Amino acid sequence: MNVILFIKSIVICSLLDNFHYFSTVLAIERIEQKIVGGLAAEDGQYPYQVSLRINNRHFCGGSIINNRWILTAAHCLAGFNNTAISAVVGTNYLDKSGSIYQSKRIISHPKYSSLFIRNDIGLIELEKDIEFSEKIQPIKLPDTNFDKIDYPAILSGWGTTSYPGEPPNELQHIKLSVIDQHECLNTSFRVTNKNICTLSKKGEGACHGDSGGPLVADQVQIGVVSWGTPCAKGKPDVFTRVFSYADWIRGHCDKED
């Protein structure tokens with residue numbers, strides 16, 4: 001028994017290295033990720049923002065990419081069946097009504113690796129079409145690879161504002177800086193050119209509950225929150241590079257039922 005407990009302790013400690021693992025390992029009891037150092041968003045400021053929920057509990061972010069599909073991280077989908085997730089849109093608040101759409105099908109990238117946190121991207125097909133409005137709109141996907149350095153990008157989400165901490169009720173946002181890709185690659189052996197990294201300063205960045213949410217530059221989604229060192233410790237946050245998967249995304253989303 002003591003040996004088993006010791007092994008469990010080692011495993012748990014290793015999982016604390018980045019905030020991605022909480023969402024993967026603790027399927028329902030997920031410790032959510034939130035923005036640290038951000039500000040409350042204005043009403044309707046991010047009409048593409050999605051709150052993914054289980055039993056009305058927020059666990060990950062996502063983005064509207066057309067009237068039937070949500071883009072998120074593959075690790076947010078782990079352990080769930082096709083119809084388990086609700087996507088809430090059109091609201092900045094977790095406790096106030098938005099429009100709710102049930103998942104019909106969830107699709108993780110076929111080469112997603114939870115061990116190396118690679119190809120961490122996924123899609124949710126909804127049961128019915130999203131009704132667009134002033135506060136509910138899709139985000140544009142990139143047509144070209146993003147290669148700007150020290151360029152501002154906006155992260156929005158309901159991730160915790162401190163670590164450890166509780167998710168905020170109100171949608172947060174923050175301006176981050178996309179760093180040089182060589183610096184991004186040096187962050188970890190897990191990082192590849194299919195990732196993009198941001199780093200502003202200690203005390204600013206993603207945290208638990210932001211996973212799967214959008215990183216946007218010039219009104220185009222360039223990244224999906226994947227993982228980082230919890231939270232805002234002056235180390236880069238790692239995102240899945242959306243352009244690297246644009247063909248895969250469109251291959252699913254452009255298909256007719």
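**Figure 1. Strands E4 and E7 are paired in antiparallel fashion through four bridges.** Strand E4 covers residues 69–72 and strand E7 covers residues 122–126. The model shown here and in the other views is predicted. Within this pair, Leu71 has Leu123 of E7 as its bridge partner. Helix H5, residues 246–253, packs on the sheet and touches E4, E7 and strand E6 (99–108). The direction of H5 makes about 15° with that of E7.

**Figure 2. Six strands form a closed barrel.** The order of the strands is E2-E3-E4-E7-E6-E5, and the pairing is antiparallel. From one strand to the next, the twist averages 45°. The protein as a whole has 13 strands and five helices. Of its 257 residues, 53% count as buried. Among contacts with a separation of 6 or more, 71% come from residues 24 or more positions apart. The accessible surface of the protein is about 11700 Å², and carbon and sulfur atoms account for 52% of that surface.

**Figure 3. A disulfide links Cys60 and Cys76.** This is one of two disulfides in the structure. The S to S distance is 2.1 Å. The torsion about the S-S bond is about -80°, so this disulfide is left-handed. Cys60 belongs to strand E3 (residues 57–64) and Cys76 to helix H3 (residues 74–77), so the link ties together parts that are 16 residues apart in sequence. Cys60 has a relative accessibility of 0% and counts as buried because the cut-off for burial is under 20%. Cys76 is also buried, at 0% relative accessibility.

**Figure 4. A disulfide links Cys184 and Cys197.** The two sulfur atoms are 2.0 Å apart. Here the S-S torsion is about 60°, so the disulfide is right-handed. Cys184 is in helix H4 (residues 181–185) and Cys197 is in strand E10 (residues 195–198), so the pair ties together parts 13 residues apart in sequence. The relative accessible area of Cys184 is 0%, and the residue is buried. Cys197 likewise counts as buried, with 0% relative accessibility. For another cysteine, Cys253, the relative accessibility is 10%, and this residue counts as buried too.

**Figure 5. The side chains of Ser156 and Gln49 make a polar contact.** The distance of this contact is 2.5 Å. Ser156 sits in strand E8, which spans residues 151–157. With 1% relative accessibility, Ser156 counts as buried. Apart from neighbours within four places in sequence, Ser156 is in contact with Ile35, Tyr46, Tyr48 and Gln49 as well as with Leu171, Gln172, His173 and Pro214.

**Figure 6. Leu94 lies in the loop between strands E5 and E6.** Strand E5 covers residues 86–89. Leu94 has 17% relative accessibility and counts as buried, because burial requires a value under 20%. The C-alpha atom of Leu94 is separated by 5.2 Å from that of Asn169, although the two residues are 75 residues apart along the chain. Asn169 is also among the residues that Leu94 touches when those up to four places away in sequence are not counted. The others in that set are Ser51, Arg53, His58, Trp158 and Pro168.

**Figure 7. The side chain of Gln221 reaches the backbone oxygen of Gly223.** The distance is 3.1 Å. Gln221 is placed in strand E12, residues 220–227. At 0% relative accessibility, Gln221 counts as buried. Residues up to four places away in sequence aside, Gln221 touches Ser63, Leu71, Ile139, Lys140, Pro142 and Val242. Gly213, Pro214, Leu215 and Val216 are also touched by Gln221. Leu71, one of these contacts, is the residue that Leu123 partners across the bridge in Figure 1. Pro214, another of the residues touched by Gln221, is also in contact with Ser156 in Figure 5.

Terms used:
Residues are numbered from 1 along each chain as its sequence is written. This is a predicted model: local features need pLDDT of at least 70, side-chain atom pairs count only at pLDDT 80 or more; totals for chains, interfaces and linings use all residues. Side-chain values use heavy atoms; hydrogens and water are left out. Helices (H or I, at least four residues) and strands (E, at least two) are DSSP runs, numbered from the N terminus. Buried means under 20% relative accessible area, exposed over 50%, partly exposed in between (1.4 Å probe, protein chains only). Contact means heavy atoms within 4.5 Å. Accessible areas come from the Shrake-Rupley method with a 1.4 Å probe; for residues, only the protein chains shown count as cover. A disulfide is a pair of cysteine sulfur atoms within 2.5 Å. A polar contact is a pair of N or O atoms within 3.5 Å; within protein, one must be able to donate a hydrogen and the other to accept it, and residues adjacent in sequence count only if both atoms are side-chain atoms. Two strands pair if DSSP finds at least two bridges between them. Axes are lines fitted to C-alpha atoms, for helices over the stretch in contact, and angles run from 0 to 180 degrees between N-to-C directions.
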